[in-house]
Amino acid sequence: MEMKKRINLELRNRAPEKVTELVLDNCRSSNGEIEGLNDSFKELQFLSMANVELTSLAKLPTLSKLRKLELSDNVISGGLEVLAERCPNLTYLNLSGNKIKDLGTVEALQNLKNLKSLDLFNCEITNLEDYRDSIFELLQQITYLDGFDQEDNEAPDSEDDDDEGDEDDDDDENEAGPPGEYEEEDDEDDGASDLGEGEEEEEVGLSYLMKEEIQDEEDDDDYVEGGDEEEEEKLGDVVQDPGAGHAGMFRQERVCTAHAPRSRHRAVGCCVGRA
């Protein structure tokens, strides 16, 4: 697909000034030149034109907000000075797999004052003796070359991703709300818990008292005859039951006064006596 048609496809009915990212990888350039891209893409921050057979950057429009430019696997051999003129805020530049052979070609990147990461992997220049030291000395503004710094520490995947991660963290903290809210909620939960425990203890206490009272009543019901003399005095008189017959059966009716006035319990027993 031609580059111009690819750009129209990637727009997806959007106005060029609304586009911040544009990927044109693997399309065909016209005679090795950029086409279909113009100054109306003024909000563009990321542009990728990998493997599009570019030989020149002469027709690159002014993209003042562009931060990342992917130009890998083309046939660019020079003309890099245009980048500082039209994309002055570049922080990342990928020129891997191009025809860059010497330090003089790369020297034009000195005017990219914000450039932090440069990739020249698979370019002929990497075969030079002391290649890495020479590039870091020539372009002192960069931090990473071919994905590693001077101490061979690997570069992060993307500086933009790091910035977005920080913003996400800030958003999470804002959504979390002030710490005091959670402390107050915890205090309320603790208060409710303490209240629940108090009610539980009260219920246990009432149950215990009711159990004690029931036990007392059971003890009274289980009362048997034959207590000591003091208990006998507290019991009522013995009366003769006229219905006992000639056998001389006596019915004893005893009224328990030991637990008065709370309750009165009647214990009825039979004894056998002779008249």
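Select Asn31 to begin: it is found in the loop between E1 and E2. The model on the screen is a predicted one. Asn31 is not a glycine, yet its phi is positive, at about 55°. Is Asn31 buried or exposed? Its relative accessibility is 74%, and exposed means over 50%, so Asn31 counts as exposed.

**The whole chain**

Zoom out to the full protein chain. It holds seven helices and nine strands. Of its 275 residues, 31% count as buried. The chain exposes about 17,900 Å², and carbon and sulfur atoms supply 43% of that area. Now consider the contacts between residues at least 6 apart in sequence: 48% of them join residues at least 24 apart.

**Helix H1**

Select residues 3-11, which form helix H1. Which residues of H1 are buried? They are Met3, Arg6, Ile7, Glu10 and Leu11. Viewed down the axis of H1, these buried residues fall within an arc of 140°, so they line one face of the helix. The general background is that an α-helix has 3.6 residues a turn, so residues three or four places apart point the same way.

Turn the view to the face of H1 that points away from the buried side. Lys5, Asn8 and Leu9 are the exposed residues carried there. To see what the buried residues of H1 pack against, add strand E1, residues 21-23. Then step just past the end of H1 to Arg12, where phi is positive, at about 50°.

**The sheet**

From E1, move across the sheet. It is an open sheet of six strands, in the order E1-E2-E3-E4-E5-E6, and the pairing is parallel. Which strands lie at the edges? They are E1 and E6, the latter being residues 144-145, and each of them pairs on one side only.

Select E2 (residues 46-48) together with E3 (residues 68-70). These two strands run parallel and are joined by three bridges. For one residue pair to label, take Leu47, whose bridge partner in E3 is Leu69.

**Lys68 and Tyr92**

Show the side chains of Lys68 and Tyr92. Lys68 lies over the face of Tyr92, at 5.1 Å from the ring centre. As for rings that pair with other rings, how many aromatic pairs does a search of the whole structure find? The search finds zero.

**Asn114**

Go next to the loop between helix H3 (103-106) and E5, where Asn114 has its place. Asn114 counts as partly exposed, at 33% relative accessibility. Select Asn89 as well: Asn114 and Asn89 are 25 residues apart in sequence, while their C-alpha atoms are 5.8 Å apart in space. With neighbours within four places in sequence left aside, the residues in contact with Asn114 are Pro88, Asn89, Leu90 and Thr91.

**Asp130 and helix H4**

Select Asp130, in the loop between strand E5 (117-119) and helix H4 (131-138). Asp130 has a positive phi of about 55°, although it is not a glycine.

Continue into H4 and colour Tyr131, Ile135 and Phe136, which are buried. Seen down the axis of H4, the buried residues fall within an arc of 125°, so they line one face of the helix. Rotate to the other side of H4 to find Asp133 and Glu137, which are exposed. What covers the buried residues of H4? The cover includes H3 and E6.

**Phe148**

The last stop is Phe148, in the loop between E6 and helix H5 (159-176). Phe148 is partly exposed, with a relative accessible area of 33%. Its contacts, apart from neighbours within four places in sequence, are Arg132, Phe136, Thr143, Asn153 and Glu154. Phe136 has already appeared on this tour as a buried residue of H4. To finish, select Asp119 along with Phe148: the two are 29 residues apart in sequence and 9.6 Å apart in space, C-alpha to C-alpha.

Technical notes
Residues are numbered from 1 along each chain as its sequence is written. This is a predicted model: local features need pLDDT of at least 70, side-chain atom pairs count only at pLDDT 80 or more; totals for chains, interfaces and linings use all residues. Side-chain values use heavy atoms; hydrogens and water are left out. Buried means under 20% relative accessible area, exposed over 50%, partly exposed in between (1.4 Å probe, protein chains only). Helices (H or I, at least four residues) and strands (E, at least two) are DSSP runs, numbered from the N terminus. The arc is that of the directions from the helix axis to the C-beta atoms. Contact means heavy atoms within 4.5 Å. Rings of Phe, Tyr and Trp (its six-membered ring) pair if their centres lie within 6.5 Å; planes under 30 degrees apart count as stacked, over 60 as edge-to-face and the rest as tilted. A charge sits over a ring if NZ of Lys or CZ of Arg is within 6 Å of the ring centre and within 35 degrees of the ring normal. Two strands pair if DSSP finds at least two bridges between them. Accessible areas come from the Shrake-Rupley method with a 1.4 Å probe; for residues, only the protein chains shown count as cover.
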